[in-house]
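This report looks at how aromatic rings and nearby charges are arranged in one structure. Please keep the sequence and the model in view while reading.

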Amino acid sequence: MSEQHIIAADLIEVFITSRGGIYQSDVENCLYLNFSGKTSRLSFSSLNDLKKIIDKVDLGHMCTLIEHADIEIILIKDNCFVLSGLEIIYLKEILDGAFAMFGLNHIITDCLDRLVMS
């Protein structure tokens, strides 16, 4: 699925960078991760699991392995990600931004609900 298809599908942009982004589909009740030329359909819990895995990657150790390639293979449901150290940094930025937006949305909704009840 290309980025043009994502935009045409009337998805809600959650967070994007020049390297990719996360989009929300209320109709399909899922999220789309567009990263490294690939688009992956994920549930919120799968995206949360991916974030936890990415947050646990030891980039310092990964970059000091001379005898091994600096890649990480991550399997989430039907998705497989083969990422270099630099790609992990880029994906971490996207995931951190998306979860910050989810948190901000929750805070705004909570504040608006309090104003309506007052």
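## A buried ring

F99 is buried, with a relative accessible area of 18%. The model in which this value was computed is a predicted one, and the descriptions that follow should be read with that in mind.

F99 forms an aromatic pair with F102, and this pair is edge-to-face, with 5.4 Å from centre to centre and 85° between the planes. Both F99 and F102 belong to helix α4, where they stand 3 residues apart, or about one turn of the helix. Like F99, F102 is buried.

## A pair between two helices

A search of the whole structure finds 3 aromatic pairs. One of them joins F44 and F99 in a tilted arrangement, the centres being 5.6 Å apart and the planes meeting at 50°. Because F44 lies in helix α2 (residues 44-56) and F99 in helix α4 (residues 85-117), this pair ties together parts that are 55 residues apart in sequence.

The two partners differ in their surroundings: F44 is partly exposed, with a relative accessible area of 45%, whereas F99 is buried at 18%. Taken together, ring pairs link F44, F99 and F102 into a cluster.

## Charges over rings

Which residue lies over the face of F99? It is K51, placed at 5.9 Å from the ring centre of F99, a ring that also pairs with F44 and with F102.

A further lysine, K38, lies over the face of F81, at 4.8 Å from the ring centre.

Note on methods: Residues numbered from 1 in each chain as written. Predicted model: local features only at pLDDT ≥ 70, side-chain atom pairs only at ≥ 80, totals over all residues. Heavy atoms only, no water. Phe/Tyr/Trp six-rings, centres within 6.5 Å; stacked < 30°, edge-to-face > 60°. Helix = DSSP H or I, 4+ residues; strand = E, 2+ residues; numbered from the N terminus. Buried < 20%, exposed > 50% of the residue type's maximum accessible area, 1.4 Å probe, protein only. Lys NZ or Arg CZ within 6 Å of the ring centre and 35° of its normal.
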